[in-house]
Amino acid sequence: MELTVTDLAVARGGVPVLEGVSFTLSGGEALVLRGPNGIGKTTLLRTVAGLQPPLAGHVGLDREAMAYAGHADGIKATLSVRENLTFWADVFATDRVGEALAAFELEPLADRFAGNLSAGQKRRLGLARMVVTGRPVWVLDEPTVSLDVDAVAMFARAVRAHLGGGGMALLATHIDLGLDEARVLNLAPFRARAPEPDDFDGAFL
Amino acid sequence: MIALLIRDMKLGTRAGGGFGLGLAFFLIVVVLVPFGVGPETGRLSLIAPGILWLGALLACLLSLDRIFALDWEDGSLDLLATSPLPMEAAVSVKALAHWLTTGLPLVLAAPVLGVLLSLPAAGYAPLVLSLLLGTPALSVIGTFGAALTVGLKRGGLLLSLLVLPLYVPTLIFGAEVARRGAEGMDNTTPMLMLAGITCGTIALLPFASAAVLRVNLR
């Protein structure tokens, strides 16, 4: 299985932000996207995950193969940690809740309401969902926000285990994850040129 | 799909889920009406079917913006969109969960509240039947409205403006079924119209809601 992105152009709020992005990711590989704030990392990841259509170009893998984790964790405060994960396990038709709880050391918290967790613990729960999905491509947007050093290492171990099983990971992050084998793609050269305001509507953009 | 239904029911009935909000509003409306129009039984029993229908409709409207807003805020709507569940199924399940936590309790409470408005004895069965047939349409139409306004801050007002005109046919025929029943007349025609509206909305609107939701998630 291979994720091939060819000549992708993406837009945020109608304004093109990135163009000509191409990369290939095969089983067992991780790719880290870097670039300054506002360059379009989130937009690119959402496009790859199939949440929005590209302006141009092509994502060469079905969206059914991807699991997406954005800035928000999608955690329900009035469900317990285990209930949150069990829900996603049922949706994705897997039974990997125990594995996910173990990978992010959430077992002691399993029966607590998710609303009572700290920000870092919530983030770990959000990332544990990726293990639950059982999908081959992880698309992760700033996965390490509010994680401490130990939890970042925990996350790196989980990603490595995922890659070891033939999976792929596409991450946008600013910090060093300790994933030395991951390739890095700097998005700054792909910044879209501002469109010429050549028509009436364009003058108002 | 069943997992989503179970989750939404749990979320709806646990603390802060809004279960009972519609029911309490319905109760308040029905209790206050006799103070407003005076306690004469004759007048009350004349307007009872209409008031009960209107109260149920407004109570239903009250909880609509929660259908998608909460899932949108915490990001689970994005995650649901990338899950194996088709958007149409997710939307239908959400509408069903809304009906089970809001519409069904209203149906069950209506005969009890009918007593407060001195609804004629002949009117109870048609009232419950009309609400049972009509409230699913309210939930499905409301889900469509909620999908249209998801992502808008304070979209509740816009949601009400969009949804209320769509509620009018359901209200007209629903209240007509209940009124004719209360007056002992034949109510087959409005009953069939009401059932038709409900079946039509259930068949068509989930597709529209899913399409709108996909656009709004971009």
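Is the crossing of α2(A) and α4(A) right-handed or left-handed? In this predicted model, the crossing of these two helices is right-handed. Helix α2 of chain A spans residues 81-91 and helix α4 of chain A spans residues 119-133, and their axes come within 9 Å of each other while crossing at roughly 35°. On the side of α2(A), the contact is made by V81(A), N84(A), L85(A), W88(A) and A89(A), and these meet L125(A), A128(A), R129(A), V132(A) and T133(A) of α4(A). Sorted by class, the residues in the contact of α2(A) with α4(A) comprise seven nonpolar, two polar and one charged.

Further along chain A, T144(A) sits in the loop between β6 (137-141) and α5 (149-164). T144(A) counts as buried because 20 C-beta neighbours lie inside 10 Å, and 20 or more is what that class requires. Leaving aside residues up to four places away in sequence, T144(A) touches V152(A), F155(A), T173(A), I175(A) and L177(A). A link back to helix α4 of chain A, residues 119-133, is offered by K122(A), which is 22 residues from T144(A) in sequence and 11 Å from T144(A) in space, C-alpha to C-alpha.

The view can now be widened to the second chain, where 21 residues of chain B are in contact with 21 residues of chain A. On the chain B side, the elements that give two or more residues are α1 (2-13) and α5 (76-81) of chain B, and α1(B) gives the most, with five residues. By class, the side of chain B that touches chain A has nine nonpolar, six polar and six charged residues.

Methods:
Residues are numbered from 1 along each chain as its sequence is written. Chains are lettered from A and ligands numbered from 1 in the order in which they are written. This is a predicted model: local features need pLDDT of at least 70, side-chain atom pairs count only at pLDDT 80 or more; totals for chains, interfaces and linings use all residues. Helices (H or I, at least four residues) and strands (E, at least two) are DSSP runs, numbered from the N terminus. A residue is buried if 20 or more other C-beta atoms lie within 10 Å of its own, exposed if 12 or fewer, and partly exposed in between; C-beta atoms are placed from the backbone. Two residues are in contact if their C-beta atoms, placed from the backbone, lie within 7 Å. Axes are lines fitted to C-alpha atoms, for helices over the stretch in contact, and angles run from 0 to 180 degrees between N-to-C directions. A crossing is left-handed if the near helix is turned anticlockwise from the far one by less than a right angle, and right-handed if clockwise. Ala, Val, Leu, Ile, Met, Phe, Trp, Tyr, Cys and Pro count as nonpolar, Asp, Glu, Lys and Arg as charged, and the others, Gly among them, as polar.
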